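Got your viewer ready? Load the model, pick a cartoon view, and follow along one selection at a time.

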Amino acid sequence: MEKKFKLGVIGAGFMSTAIISGALKSGFLPENKIVVSDINENSFEKLKDYKINTTLSNSYVFENSEYVLFAIKPQNFKSVIEKEQFIPCNKFISIMAGVKKDYIKSVIGSKDISVARCMPNTPCSVGYGAVGLDVTDYSQKSEIDFINGLFGCFSKVVFLDEDKLNAVTGISGSSPAYFYLFAKCLIDAGVKNGLSEDAAKSLVVNTMIGSGKMLQLNNDKSIDELIDAVCSKGGTTIEAIKSFKSDEIEAVVQRAVDACVKRSGELESGL
């Protein structure tokens with residue numbers, strides 16, 4: 001029997017709101033094909049501009065949705081499921097960090113369900129996100145196309161196996177914070193060298209955006225070639241690059257990502 005809604009969402013937090021907003025703004029889904037639940041009615045305020053269906057009942061979402069997206073805190077997942085006597089749905093998508101598909105299936109109490117896991121990042125909220133996506137549970141092209149389309153309308157989707165998602169957390173899920181930290185350091189350095197904070201921030205932010213665009217548009221060049229294109233012999237940029245290398249920036253970044261990936265694995269093991 002066809003379900004009333006194409007997509008049901010459990011949890012109306014920041015990331016689920018970004019996903020819903022992206023799906024609606026892009027025209028991927030109409031408003032009447034989405035339903036979202038949350039225990040806090042005030043959470044729906046972020047979605048007030050859309051005429052989507054909202055409910056305080058998770059059961060209603062499970063009963064009436066073809067796909068159900070889990071967008072809740074990992075530590076709350078088990079208690080949400082335990083309140084349900086029966087879950088009449090077999091297609092699930094999870095953005096819960098560190099929650100494996102096998103664990104989701106064991107808590108739901110069925111191996112005969114399909115679970116897609118993904119790791120989005122916060123830039124999804126402005127339409128420039130990156131998502132690592134495991135859809136290996138799904139075999140139908142129409143199902144894979146739907147899940148890919150859901151995230152692809154506001155982000156770059158990379159397909160991979162579930163065991164790679166911790167690495168995704170380290171390099172894209174968490175890395176917006178790394179870029180913000182680097183930007184803050186540049187802004188602070190600009191202020192120290194006589195710029196106003198507003199001027200330094202404007203210069204840094206627009207340079208970051210432009211540099212990302214150049215990386216995207218110059219697939220025929222390696223990143224080393226792009227670096228060299230900025231570094232004139234005997235010029236200014238090369239001195240900064242030398243300083244970064246003498247401080248072992250590659251090792252600093254590797255250690256940071258390794259620490260993030262390690263913690264992601266620990267969270268998985270803790271469930």
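Before clicking anything, one cut-off: buried means under 20% relative accessible area, exposed means over 50%, and partly exposed is in between (1.4 Å probe, protein chains only). This is a predicted model, where local features need pLDDT of at least 70 and side-chain atom pairs count only at pLDDT 80 or more, while totals for chains, interfaces and linings use all residues. Residues are numbered from 1 along each chain as its sequence is written, and side-chain values use heavy atoms, with hydrogens and water left out.

**Stop 1: the surface.** Select Val253, which sits in helix α11; helices (H or I, at least four residues) and strands (E, at least two) are DSSP runs, numbered from the N terminus. Is Val253 buried or partly exposed? With a relative accessible area of 46%, Val253 is partly exposed. Now add Phe182, Leu186, Phe244 and Ile249: together with Val253 they make a nonpolar surface patch of about 390 Å². Helices α7 (175–192) and α11 (249–269) are the elements that give two or more residues to this patch. Patch members have over 30% relative accessible area and no salt bridge (a side-chain nitrogen of Lys or Arg within 4 Å of a carboxyl oxygen of Asp or Glu). Nonpolar side chains (Val, Leu, Ile, Met, Phe, Trp, Tyr) are joined within 5 Å, and the areas come from the Shrake-Rupley method.

**Stop 2: the sheet.** Color the strands next. You get an open sheet of eight, ordered β3-β2-β1-β4-β5-β6-β7-β8, with mixed pairing; two strands pair if DSSP finds at least two bridges between them. β3 (53–55) and β8 (155–159) stand at the edges with a single partner strand each, so one side of each has no neighbour in the sheet.

**Stop 3: strand β5.** Zoom in on residues 91–94. β5 pairs in the parallel sense with β6 (residues 114–119) over four bridges, and also in the parallel sense with β4, over three. Pick Phe92: its bridge partner in β6 is Val115, and Phe92 is itself the bridge partner of Val68. Lys91 and Ile93 point one way from β5, Phe92 and Ser94 the other, and all are buried.

**Stop 4: Val135.** Finish in the loop between β7 and α5, where Val135 is placed. What relative accessibility does Val135 have? The value is 10%, so Val135 counts as buried. Show its contacts (heavy atoms within 4.5 Å): leaving aside neighbours within four places in sequence, Val135 touches Ala116, Ile144, Ile147 and Phe159. Its C-alpha atom is separated by 6.9 Å from that of Arg117, 18 residues apart along the chain.

Definitions and conventions:
Patches are made of residues with over 30% relative accessible area and no salt bridge: like charges are joined within 9 Å, nonpolar side chains (Val, Leu, Ile, Met, Phe, Trp, Tyr) within 5 Å. Accessible areas come from the Shrake-Rupley method with a 1.4 Å probe; for residues, only the protein chains shown count as cover.
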